[in-house]
Structures are given as C-alpha cells and as structure tokens.
Amino acid sequence: MTNNIQKAKELINCFVSGDTEKAKSLLKEGYIQHNLAYGTGREAFLGSVAYLGAAPVKTTVNTIRAFEDGDKVFMQTVYNFAGAGEQVAFDIFRFEDGLIAEHWDNLADKAQPNPSGRTQIDGQIEANALDKTEANREVVKNFLYDVMQGKNPQKTPDYFDGDKYLQHNTGIADGLSGLGAALEALGKAGIAMIYDKVHQVLAQGDMVLAVSEGTFGGKPTSYYDLWRVENGKIAEHWDVMETIADKSTWANTNGKF
C-alpha cells in the first residue's frame, strides 16, 4: 500500500522521468494549482512533466524531509529544473480519494551557508515526539501571533530555551541573539518584515510548518516557516520566503494561498 508521502515523492519525481502516465495516475482530475507560474488542472501539470522530460538537461529532485498531517503532505525538496539552478522548496500536497488534489509551494535559490555555517537544508530530518503533535502546533500558533505578528513581542523570550536556537535562514545566525541582531539590522535599513495572516499550520510530531502572508520591504510576500519544537520551546528553524508575483503575470486565478 503506497502512503501519501510516497505518492507525493513519486509525483515530483515525474519531473525527472518525464512519465506523464505515472503523473496522471497520481493526480485528481480537478487538480488545483497555487504556484502562480503554472496553469491549474491535471493537464497543465502533465504538460510540465512532458516539457521537463524532453529537456536536454535533466531535472534533478532531492527530497530532504517529508511529513504528513491529515490529508496533507508537506515536504522540503531541492529542485534543479532543466539545469536552471538549484532551488530549495517547500511543497504542500492535499489528497482526496487517494489522489493529489491541490498543491501549494514556496521556492528560493539555494544559497551559501549562513553566519553560523548552517545551510537551508541540513539539521534534523525525521519527525519525533509524535504524541506531541497538537501541543507543538499550538506552540507555533501562539508564537506566530505573539512574536511574528507582533501582538505580544514582550513574550518572545518565553518561546526559547535561553539562546539555544538553530537557524537555517540564509542570512541569520543561531540563537535568539542572532535573530534579534538580524531584525535590528533590517530595521536600520528601513526594511520591515511583516506577517499579516497565517493560512496553514501543519504539524507532525516536533515539526511544524506555517504558511503566512505579509510583506517584506513593502513587497507582498509568502512566508513558509518550518519550526522544530523541543520541550515546548522553539528549537530550530528553516524557511523559504517568496515575493508574490504581480497579479498580471499569474498563470492561474487560484491565488498563492
């Protein structure tokens, strides 16, 4: 019996094989696409698979971590589409009747290690503490409200175990101190990082992915943040930020979220 994580991996590996029949067998006919650069519907996806399969430079797909929450799979993958360069992505797939019915994602170029020497993809891979899924989801929901949305910033230290915080953001060092220094530098540069709305908070064990909408430096931005929660505290963070394309360029009308 193929589980949903395996099905999601099989689908994105169709970009490597060019196997449109395999992709078709995994997708629901009314497939909804939220990546604004692609058309919606199953046929549009199959067109992308055929195009990449025929490209002179092979696409590569390397899934780093994958988790499941109800009818959704959320995963972090490094793509190189037809030799265009490595990109780090978070993908979310929603399943219906055993088929993939909907997809959301955020992508960013692969970057050099951050000031603490961490990359966008290293660190813990598996989900642990599976009995703590709901408690950890609540920690992240409250953290988003109090800290990321700035409703109760004075509570920030409560969410961390002192300065123990492993950071995979490309420009920020480890620790609450590293986060504070980065935010201070942004402030001095007149760049505000604003989280306006949280759309999804998906969790499995100690791994929690939040999908949020806001602005970065005044530009509409989609934030995908993956946090690892340990003993009720935020312990590790990976993210992909993406500027939301202007509506005039959208290839579908489903919206980013």
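This note comments on a predicted model, point by point.

1. Main core. The largest nonpolar core has 25 residues, and within it L11, F15, F45, Y79 and F93 touch the most other members. Two or more residues each come from the helices α1 (4-17), α2 (20-26) and α3 (42-54), and from the strands β1 (27-33), β2 (60-69), β3 (72-80), β4 (86-96) and β5 (99-109). Helix α1 gives the largest share, 6 residues. In soluble globular proteins, nonpolar side chains tend to be buried together.

2. Surroundings of F15. Setting aside neighbours within four places in sequence, F15 is in contact with F45, S48, V49, L52, G53, T59, Y79 and F81. F45, S48, V49, L52 and G53 fall within the range of α3 (42-54), while Y79 falls within that of β3 (72-80). Both F45 and Y79 also belong to the group of core residues that touch the most other members.

3. Second core. A separate core of 22 residues is also present; V139, Y165, V201 and W227 are among them. V139 is one of the buried residues of helix α4. The range of strand β9, residues 219-230, takes in W227.

4. Strand β4 and its partners. Of the 11 residues of β4, 8 are buried, so this strand is largely enclosed by the rest of the structure. On one side of the pairing list is β3, antiparallel to β4 and joined to it by 9 bridges; here Q76 stands opposite F90. The β3-β4 hairpin has 5 residues between the strands, and A82 takes a positive phi near 50 degrees. Strand β5 is likewise antiparallel to β4, with 10 bridges, and I100 in β5 stands opposite F95. In the β4-β5 hairpin 2 residues lie between the strands, and D97 in the turn has a positive phi of about 55 degrees.

5. Strand β9 and its partners. In β9 (residues 219-230), 9 of the 12 residues are buried, so the strand is largely enclosed by the rest of the structure. Strand β8 (residues 207-216) pairs with β9 in the antiparallel sense over 10 bridges, with T215 opposite P220. Their hairpin has 2 residues between the strands, and G217 takes a positive phi near 60 degrees. The pairing of β9 with β10 (residues 233-243) is antiparallel too, over 10 bridges; D225 stands opposite D239 in β10. This hairpin also has 2 residues between the strands, and N231 takes a positive phi near 50 degrees.

6. Helix α4. The 16 residues of α4 (residues 133-148) reach 21 Å from first C-alpha to last, close to the 22 Å expected at 1.5 Å a residue. Its buried residues are T133, N136, R137, V139, V140, F143, L144, D146, V147 and M148. The list is not purely nonpolar, since it includes R137 and D146 because burial here rests on relative accessible area, under 20%. These buried residues pack against β2, β7 (193-204), β8, β9 and β10. After the helix comes G150, with a positive phi near 70 degrees.

7. Salt bridge within α4. E138 and K141 form a salt bridge, their closest N and O atoms being 4.0 Å apart. The two residues are 3 apart in the helix, which separates them by about one helical turn. E138 is partly exposed at 40% relative accessible area, and K141 is partly exposed at 38%.

8. Salt bridges between distant parts. The count of salt bridges comes to 17. One of them joins the side chains of E96 and K28, at 3.7 Å from N to O. Because E96 lies in β4 and K28 in β1, the pair ties together parts that are 68 residues apart in sequence. Partial exposure applies to E96, with a relative accessible area of 30%, and to K28, at 21%. Another joins K256 and E242 at 3.1 Å, N to O. Here K256 lies in the segment after β10 and E242 in β10, 14 residues apart. K256 is buried at 5% relative accessible area, whereas E242, at 22%, counts as partly exposed.

9. Salt-bridge network. Through shared partners, salt bridges join K28, R94, E96, D97 and E102 into one network. D97 is also the residue with positive phi in the β4-β5 turn.

Terms used. Residues are numbered from 1 along each chain as its sequence is written. This is a predicted model: local features need pLDDT of at least 70, side-chain atom pairs count only at pLDDT 80 or more; totals for chains, interfaces and linings use all residues. Side-chain values use heavy atoms; hydrogens and water are left out. A nonpolar core is a set of buried Ala, Val, Leu, Ile, Met, Phe, Trp, Tyr and Cys residues joined through side-chain atoms within 4.5 Å. Buried means under 20% relative accessible area, exposed over 50%, partly exposed in between (1.4 Å probe, protein chains only). Helices (H or I, at least four residues) and strands (E, at least two) are DSSP runs, numbered from the N terminus. Contact means heavy atoms within 4.5 Å. Two strands pair if DSSP finds at least two bridges between them. The expected span of a helix is 1.5 Å times one less than its number of residues.
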